[in-house]
Amino acid sequence: MKINNTLQVVFLLLVVQVCFGQNTASKQITGQIFEQSSNVEGVNIINNTTQVTAVSDVSGVFSIVVKEGDVLVFSAVNLEPVKRRITIEDINASAIVIKMSAKEVELKEVIINENANITAENLGIIPYGQKKYTPAERKVYTATSTSVDKLLNKISGRTAMLKKEVNVEKKEMLFRKIEYLFDEKYYTDRLNIPVADIKGFQLYCVDNTEFAVSLDTKNKTMSMFLITDLARKYLTILENEK
């Protein structure tokens with residue numbers, strides 16, 4: 001009877017040892033890394049226990065040898081590092097999912113001009129608060145600065161010509177802004193403007209007072225709202241010209 005009991009104890013010890021050995025055995029697992037809803041390529045994975053490493057592929061998938069209790073560290077230049085302690089569930093799973101998040105990068109202050117406080121006003125060249133003119137506006141101011149100049153230039157028509165230059169200059173500035181604000185695909189796909197008519201449509205837009213104000217005030221939301229209606233009107237004009 002004692003022999004049988006002894007054999008039972010030995011058998012149980014062997015079973016426990018085998019089970020324990022199975023739980024601690026190393027196994028290659030597979031996983032996939034995501035940042036929000038996108039998979040992430042080029043993430044470095046290291047097993048802190050064994051120092052075995054791996055790298056995620058273009059689909060964010062990786063494989064690495066682990067055992068229960070190992071700690072995996074996931075890191076990338078633009079992502080916050082993640083640590084994952086491997087459980088028996090991870091080992092038995094078909095694949096594990098790792099979620100990472102982008103690093104919040106604090107931008108350093110950019111100093112465009114270290115001597116920005118040195119201005120014509122600070123140096124006493126011009127009074128504080130004096131209106132600053134564009135080249136075309138300066139010509140108008142010079143042409144109308146005295147009553148004699150006003151009279152002579154009015155007779156010659158030079159003032160009217162210079163004011164026209166100011167209007168042209170302003171339209172050129174608005175034209176540059178609208179070119180920067182919307183790309184070609186926006187005109188063709190969103191507004192249905194033919195490629196050949198984009199420049200003409202841009203000129204049509206900057207002639208609109210409300211739209212010009214929205215560009216000047218950098219109100220993109222208002223610009224997008226107005227340009228949709230202007231596109232509809234412009235397409236009607238093109239249709240009538242056929």
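S214 is found in helix 8 of this predicted model. Is S214 buried or exposed? Its relative accessibility is 3%, so S214 counts as buried, the cut-off for that word being under 20%. The side chain of S214 also reaches back along the chain: it lies 2.6 Å from the backbone oxygen of F211. Which residues does S214 touch once its neighbours within four places in sequence are set aside? They are N219, M222, S223 and L226.

**The nonpolar cores**

F211, the partner of S214 in that polar contact, also belongs to the largest nonpolar core, which has 20 residues. F211 is listed there among the residues with the most contacts inside the core, together with I178, Y187, L191, I193, F201 and I227. Which elements give two or more residues to this core? They are helix 5 (158-181), helix 6 (184-190), helix 7 (198-206), helix 8 (209-216) and helix 9 (220-241). Helix 9 provides the largest share, six residues.

I178 is a good place to start exploring this core. Leaving aside neighbours within four places in sequence, I178 is in contact with Y187, Q202, C205, V206, F211, L215 and I227. Apart from this core lies another one, of 19 residues, including I29, A54, F62 and I64. As background, nonpolar side chains in soluble globular proteins tend to be buried together.

**Aromatic rings**

How many aromatic pairs are there? The count comes to seven. In one of them, the rings of F182 and Y187 have centres 6.2 Å apart and planes at 70°, so this pair is edge-to-face; that label applies to planes over 60 degrees apart. Both partners are tucked away from the surface: F182 counts as buried at 4% relative accessibility, and Y187 is buried with a relative accessible area of 1%.

Another pair is made by Y204 and Y234, whose ring centres are 5.3 Å apart with planes at 45°, so the pair is tilted. This pair links distant parts of the chain, with Y204 in helix 7 and Y234 in helix 9, 30 residues apart. Y204 is partly exposed, at 26% relative accessibility, whereas Y234 is buried, with a relative accessible area of 10%. Now join the pieces: F182, Y186, Y187, F201, Y204 and Y234 form one aromatic cluster. Two members of that cluster, Y187 and F201, are also listed among the best-connected residues of the 20-residue core.

**The strands**

Now we can turn to the strands. The table shows some of the pairings, each with one example of residues that stand opposite each other.

| Strands | Direction | Bridges | Example |
|---|---|---|---|
| Strand 1 (27-35) and strand 5 (61-66) | antiparallel | six | K27 and V66 |
| Strand 1 and strand 8 (96-100) | parallel | five | E35 and M100 |
| Strand 1 and strand 2 (38-39) | antiparallel | two | F34 and N39 |
| Strand 6 (71-76) and strand 7 (79-85) | antiparallel | five | L72 and R84 |

Strand 1 pairs with strand 5, with strand 8 and with strand 2. Its partners do not share one direction: strand 8 runs parallel to strand 1, while strand 5 runs antiparallel to it. What joins strand 6 to strand 7? A hairpin does, passing through two residues. While you look at the strands, keep in mind that in a regular strand the side chains alternate between the two faces of the sheet.

Key:
Residues are numbered from 1 along each chain as its sequence is written. This is a predicted model: local features need pLDDT of at least 70, side-chain atom pairs count only at pLDDT 80 or more; totals for chains, interfaces and linings use all residues. Side-chain values use heavy atoms; hydrogens and water are left out. A nonpolar core is a set of buried Ala, Val, Leu, Ile, Met, Phe, Trp, Tyr and Cys residues joined through side-chain atoms within 4.5 Å. Buried means under 20% relative accessible area, exposed over 50%, partly exposed in between (1.4 Å probe, protein chains only). Helices (H or I, at least four residues) and strands (E, at least two) are DSSP runs, numbered from the N terminus. Contact means heavy atoms within 4.5 Å. Two strands pair if DSSP finds at least two bridges between them. A polar contact is a pair of N or O atoms within 3.5 Å; within protein, one must be able to donate a hydrogen and the other to accept it, and residues adjacent in sequence count only if both atoms are side-chain atoms. Rings of Phe, Tyr and Trp (its six-membered ring) pair if their centres lie within 6.5 Å; planes under 30 degrees apart count as stacked, over 60 as edge-to-face and the rest as tilted.
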